[in-house]
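Here are some short exercises to work through with the model open beside you. Try each task before you read its solution.

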Amino acid sequence: MKRDANQGYAALEQIAVNSPDLLKSLLEGSPDTISLSDVRHPDLPLTYVNPAFTRTTGYSPDEALGRNCRFLQGEDTNKDDVARIRKAINAREPVDVVLLNYKKSGEPFINALRMAPIFDSSGQLSAYLGIQQDITEERLRAERDIGQNRLEALGTATGSLAHQLNNLLHPVTSLISLHLSDIENADVRRDLEMAHYSAQQAADLSDNLLGLSRGSFREETDTTSLSDGLNRAIDLVRLMLPPTITIETAFGNLPKELNIPINETLFAQVLINIVTNASQATKHSGIIRIDVTQDEDSSVKISIADNGPGIPAELRKKVFTPFYSKSISKNSSGLGLSVASQIINKVGGKIIFGEGLIQPDGDGFGCMFTIDVPIIT
Ligand SMILES: Cc1cc2nc3c(=O)[nH]c(=O)nc-3n(C[C@H](O)[C@H](O)[C@H](O)COP(=O)(O)O)c2cc1C
């Protein structure tokens, strides 16, 4: 039997009047957070929060009731998001906003907030409803998947590009070599030798690309040879960055059997995220230095240092906060470093922020991110 919405509301009203205990169980047992505020007071203090609200935010009813819910906001909450909520409340309209909030512990979380005015049967505004959902994990996972897919697509595109380049370069090198000995004019022969050399270099480069795309970023194992993973990720990142960036590596010959417990695509994603940030910080014209040091037998540190403007001391603890880098660069999703640190934390490692290379004017230091990961012995 089909029931319309009015019948549903009537059933709800009956529950509210006849079975307040059932209503209470519904609210208290809801897996979603429910918060209500008193519309008779201009500052909309909370009058009810259910246990899911406490689980999500860490605030008990005692700590939350009687206060405006803006106590969940903090330093990096976007003012435009808050203005959207304010505007909707003033217009008595529902609103969905995804914004940065903070739990009682101080931990930031991405809150998918849904708010709606509740009107009684006479059309009077009787309460404001807020439903909060912590979507931090979900967002970071989605961003990680996007990065992973991008890398895989890039690998495929690189492979086919290198293949076509090889096909085009082959007649250039072979025809020049075939006819070179017939050229009598020494100047013309020297020019052609130069052209042959360049075409040969291009073919070598293209072969390297082909090798990179074939051998790179496989998902099937959860371990990566540090030297292979690092070299392939650096080869790829060199292709992604403008030639004005200098990438220096200082890890010599790492033993092939030095493995880390992370799959290669994710490792490349971490590295590429950090190196691209460094490149952006130096306005694509600085130096990025990648170093590796082994700590006893249990872990390895991969540091990526740049000579960009650095980050002021008071902001450093926030670099891994979701949406933080968005406030610095408009092109950034704001999740790159959060994703990188999430990936590394999952395998029992950590990313540490420190001072990088001396700036070109000799005044201060750029940034250094050190990926500290366990090694498989
Ligand atoms: C029922 C209810 C729930 C709310 N929940 C949240 C929340 O989870 N996070 C948040 O940042 N703001 C939340 N708000 C919005 C703030 O309380 C406040 O209305 C907003 O910051 C705009 O007002 P202001 O500019 O005076 O701060 C909620 C508001 C109401 C009425």
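## Exercise 1: A glycine in a loop

Gly58 is partly exposed, because 17 other C-beta atoms lie within 10 Å. The scale behind this word counts other C-beta atoms within 10 Å of a residue's own, placed from the backbone: 20 or more is buried, 12 or fewer is exposed, and in between is partly exposed.

Before going on, please note that this is a predicted model, where local features need pLDDT of at least 70 and side-chain atom pairs count only at pLDDT 80 or more, while totals for chains, interfaces and linings use all residues. Residues are numbered from 1 along each chain as its sequence is written.

Task: find where Gly58 sits and which residues it is in contact with, leaving aside neighbours within four places in sequence.

Solution. Start with the place: Gly58 lies in the loop between α3 (51–57) and α4 (61–64). Helices (H or I, at least four residues) and strands (E, at least two) are DSSP runs, numbered from the N terminus. Next, look for contacts, meaning pairs whose C-beta atoms, placed from the backbone, lie within 7 Å. Beyond its sequence neighbours, Gly58 touches Lys103, Lys104 and Ser105. Finally, take Lys103: it is 45 residues from Gly58 in sequence, yet their C-alpha atoms are 5.9 Å apart.

## Exercise 2: Around the ligand

Task: describe the shell of residues around the ligand, by element and by class.

Solution. First, the residues: 22 surround the ligand, and the closest are Ser37, Cys69, Arg70, Tyr128 and Gly130. Here, near means a C-beta atom, placed from the backbone, within 6 Å of the molecule. Second, the elements: β1 (35–37), α5 (79–90), β3 (95–102), β4 (108–119) and β5 (125–131) each give two or more residues to this shell. The largest share, four residues, comes from α5. Third, the classes: the shell has twelve nonpolar, eight polar and two charged residues. In this sorting, Ala, Val, Leu, Ile, Met, Phe, Trp, Tyr, Cys and Pro are nonpolar, Asp, Glu, Lys and Arg are charged, and the others, Gly among them, are polar.

## Exercise 3: Where two domains meet

Task: work out which helices of domain 2 supply its side towards domain 3.

Solution. Begin with the division of the chain: domain 1 (31–134), domain 2 (137–215) and domain 3 (221–377), with bounds from an automatic or database domain assignment. Then count the contacts: ten residues of domain 2 meet 14 residues of domain 3. On the domain 2 side, α6 (136–180) and α7 (186–215) each supply at least two residues. The most come from α6, with eight residues.

## Exercise 4: Helices that cross

Task: what is the angle between α6 and α10, and which residues make the contact?

Solution. Step one, the axes: α6 and α10 (residues 336–346) pack at about 95°, with their axes 9 Å apart. Axes are lines fitted to C-alpha atoms, for helices over the stretch in contact, and angles run from 0 to 180 degrees between N-to-C directions. Step two, the name: α6 and α10 are therefore roughly perpendicular, the word for 65 to 115 degrees, whereas under 35 is roughly parallel, over 145 roughly antiparallel and the rest oblique. Step three, the contact: Leu140, Glu143, Arg144 and Gly147 of α6 meet Ser338, Val339, Gln342 and Ile343 of α10. Step four, the cover: nine of the eleven residues of α10 are buried, and these pack against α6, α9, β11 (350–358) and β12 (365–374).

Note on methods
Contact = placed C-beta atoms within 7 Å.
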